[in-house]
Structure formats: C-alpha cells, structure tokens
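These are my notes on the model, set out point by point. Please read them with the sequence and the coordinates open.

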Protein chains: 2
Amino acid sequence: MHVSSKCDMRGLLSFQVLWLLSKRPMHGDEIAGEIGRRRGEKPKAGTIYPALKELKENRLIKGNRKGKTITYSLTADGRSELRKGIMYLCRSFGDIFSERYSAPKRRLR
Amino acid sequence: MHVSSKCDMRGLLSFQVLWLLSKRPMHGDEIAGEIGRRRGEKPKAGTIYPALKELKENRLIKGNRKGKTITYSLTADGRSELRKGIMYLCRSFGDIFSERYSAPKRRLR
DNA sequence: GTTCCAATATAGGACGACCTATATATTTAA
DNA sequence: TTAAATATATAGGTCGTCCTATATTGGAAC
C-alpha cells in the first residue's frame with residue numbers, strides 16, 4: 001500500500017495528469033515529480049508511463065520528443081475531458097474541501 | 001463506463017463512505033443514494049455491499065442490524081483513517097478546488 | 001400462509017491504478 | 001570510448017472500483 005494500509009486512496013491518476021498539463025507542458029518524469037509533491041509519494045516509472053501512453057492513445061495529450069525527453073501537452077479533447085473531470089470532482093468531494101477550508105473549527109488545546 | 005468514456009474517474013469509494021458516515025449513521029442503500037446524489041450515478045448493490053463488507057472487516061465501520069436493515073457508523077479507527085484520507089485529498093487535489101472556488105475568472109459572453 | 005418488495009449478499013468479469021523488475025536509448029561525465 | 005546517469009518503455013502481478021446477474025432474507029400486505 002502507498003498511503004494508508006486500511007483505506008485505499010488510489011485513483012484519478014490520469015485526471016491529475018491532465019490537470020498538471022493544463023498548467024504547463026511537462027515530460028513524464030516531471031509529471032511524476034509534481035504528483036509526488038502533492039500526494040507524498042512519487043509514482044514509479046511503471047505507473048506513469050503506461051498512464052501517459054493510454055492518454056496519448058485516447059488523444060487527450062500529445063507528445064513532442066526532443067532527444068530523450070518527450071514533452072506532453074493537452075489536446076482540445078484533453079481540455080474538454082479535464083473540464084468534465086473537474087465538475088465531477090467538485091460535485092463528489094467539494095463538501096469535504098469547503099468544510100476544511102471555510103470556517104475551520106479548531107479544537108482548543 | 002460510468003462518467004466519461006475517456007478519462008476514468010473511479011476511486012475513493014471507501015473513503016467517501018467513511019466521509020458520509022462521519023456525518024450521520026446510515027444503512028447501505030442510503031449510503032449508495034448519497035453517493036449517487038454527489039457523483040451523478042448511484043453505485044449498484046454489487047458495488048456498495050462488497051465495499052461495506054471490506055470496511056467492516058477492516059474495522060473502520062461497525063454495523064447495527066435491525067430487521068432487514070444494517071445501520072453503519074464509524075469506529076475510532078474509521079475516524080482516524082478518514083482524517084488521513086482528508087489530508088491526502090487536500091494535498092493532492094486542493095489546488096483544483098481552490099482555483100475553482102476562489103477568484104473565479106469568468107469568460108465574457 | 002403466501003406474495004411481494006426492500007435490503008442485503010455474493011459470484012464473476014472488466015479495467016485503471018499501483019507495484020517490481022528488466023530493458024533500451026540518449027546524454028553527460030570520466 | 002566507456003561508464004554512469006537520465007528518460008522512457010513494457011511485462012507481469014495485486015487490488016479496489018465498477019458492472020450484471022442471481023440469490024437470500026425479513027417485513028408488510030393480502
């Protein structure tokens with residue numbers, strides 16, 4: 001297990017890749033690093049590259065090779081899917097975030 | 001596919017169950033209904049009951065049978081795992097939410 | 001008591017998200 | 001030129017999240 005041994009938190013990897021690429025074009029290892037900074041654990045090569053391959057085959061991202069690095073960016077389809085994903089995420093988990101960030105009730109100590 | 005044909009948004013079901021049960025005790029079908037209201041699609045019986053079984057076996061929730069319905073609530077371990085999950089979610093996806101909810105840049109139309 | 005429905009249960013299958021391990025290519029350093 | 005480091009690729013495996021389909025069980029209605 002990678003985050004918690006009891007409640008699995010896997011999921012949304014491809015979505016997160018789309019989100020990151022909407023900020024700026026990146027290559028694979030760079031994307032993995034950004035995910036690692038957020039999640040606490042950097043996904044391994046065997047995780048990130050198959051995900052990028054799938055996204056590329058689905059034409060949500062496109063790659064531009066220069067030497068040994070491939071810089072990825074979103075396609076129009078990718079931006080569209082990202083928008084849908086964001087709406088889904090906000091509908092599904094928005095209350096968790098708003099509860100945490102607005103009017104925080106701190107425990108006295 | 002259940003949400004988008006291209007970018008899979010599955011995941012975090014057990015986590016979402018913990019979150020909902022932290023609000024109030026509920027039985028299985030009720031939990032599925034709440035998830036459905038958020039996600040747009042109510043998970044089927046074959047999805048929700050195995051998830052509840054697993055959570056119970058891991059002692060994150062406990063069930064109280066009354067007739068044909070089982071009302072679930074969090075255990076202390078469940079509350080602890082929920083807290084960890086929330087932190088993970090905020091670290092991983094917090095920027096998506098804050099960008100959406102704070103200072104929205106609307107497109108002119 | 002039987003019929004019906006609601007709630008739960010479980011088998012079986014597909015697939016994305018994770019891993020380890022191994023391989024290959026390009027670039028850089030020695 | 002050779003070695004080491006970096007970036008990518010892929011095989012093979014586990015597991016949670018999804019489904020459909022098929023039970024079972026308890027309560028209510030007749």
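1. H3(B) provides the largest share of the surface near DNA strand C, namely 4 residues. At least two residues each also come from H1 and H3 of chain A and from helix H2 (28–39) and strand E3 (69–74) of chain B. The model is a predicted one, and the remarks below should be read accordingly.

2. In total, 24 residues surround DNA strand C, and the closest are Arg39(A), Gly46(A), Thr47(A), Arg10(B) and Tyr49(B). By residue class, this surface divides into 5 nonpolar, 10 polar and 9 charged. Of the atoms of DNA strand C within 4 Å of the protein, 74% are sugar or phosphate atoms, and the rest belong to bases.

3. Three polar contacts to DNA strand C can be listed. The side chain of Arg10(A) places an N or O atom 3.3 Å from a base nitrogen of this strand. Phosphate oxygens of DNA strand C are approached by a polar side-chain atom of Ser14(A), at 3.1 Å, and by a backbone N or O atom of Ile70(B), at 3.0 Å.

4. Around DNA strand D there are 25 residues, with Tyr49(A), Ile70(A), Arg39(B), Gly46(B) and Thr47(B) as the closest. They comprise 6 nonpolar, 9 polar and 10 charged residues. Sugar or phosphate accounts for 74% of the atoms of DNA strand D within 4 Å of the protein, with bases making up the rest.

5. Arg10(A) appears again here: an N or O atom of its side chain is 3.1 Å from a sugar or linking oxygen of DNA strand D. Backbone atoms are involved at two further places. Gly28(A) has a backbone N or O atom 3.3 Å from a phosphate oxygen of DNA strand D, and a polar backbone atom of Leu13(B) is 3.4 Å from a phosphate oxygen of that strand. Two or more residues of the surface near DNA strand D come from each of H2, H3 and E3 of chain A and helices H1 (13–23) and H3 (45–57) of chain B. H3(A) gives the most, with 5 residues.

6. What span should helix H2 of chain A have, at 1.5 Å a residue? Its 12 residues (28–39) should span 16 Å, and because the end C-alpha atoms are 16 Å apart, the model agrees with that figure. H2(A) is followed by Gly40(A), which has a positive phi near 100°.

7. The buried residues of H2(A) are Gly28(A), Ile31(A), Ala32(A), Glu34(A), Ile35(A), Gly36(A), Arg38(A) and Arg39(A). Within chain A, the buried residues of this helix pack against H1 (13–23), E1 (26–27), H3 (45–57) and E3 (69–74). They also pack against helix H4 (76–101) of chain B.

8. Is Gln16(A), in helix H1 of chain A, buried or exposed? Its relative accessibility is 0%, so Gln16(A) counts as buried. Beyond its neighbours within four places in sequence, Gln16(A) contacts Ile35(A), Arg38(A) and Arg39(A), as well as Ser92(B) and Phe93(B).

9. The largest nonpolar core has 60 residues, of which Phe15(A), Ile31(A), Phe93(A), Phe15(B), Ile31(B) and Phe93(B) touch the most other members. Not counting residues up to four places away in sequence, Ile31(B) touches Val17(B), Leu20(B), Leu21(B), Met26(B), Ile48(B) and Leu52(B). In soluble globular proteins, nonpolar side chains tend to be buried together.

Terms used
Residues are numbered from 1 along each chain as its sequence is written. Chains are lettered from A and ligands numbered from 1 in the order in which they are written. This is a predicted model: local features need pLDDT of at least 70, side-chain atom pairs count only at pLDDT 80 or more; totals for chains, interfaces and linings use all residues. Side-chain values use heavy atoms; hydrogens and water are left out. A nonpolar core is a set of buried Ala, Val, Leu, Ile, Met, Phe, Trp, Tyr and Cys residues joined through side-chain atoms within 4.5 Å. Buried means under 20% relative accessible area, exposed over 50%, partly exposed in between (1.4 Å probe, protein chains only). Contact means heavy atoms within 4.5 Å. The expected span of a helix is 1.5 Å times one less than its number of residues. A residue is near a molecule or strand if one of its heavy atoms lies within 4 Å of it. A polar contact is a pair of N or O atoms within 3.5 Å; within protein, one must be able to donate a hydrogen and the other to accept it, and residues adjacent in sequence count only if both atoms are side-chain atoms. Ala, Val, Leu, Ile, Met, Phe, Trp, Tyr, Cys and Pro count as nonpolar, Asp, Glu, Lys and Arg as charged, and the others, Gly among them, as polar.
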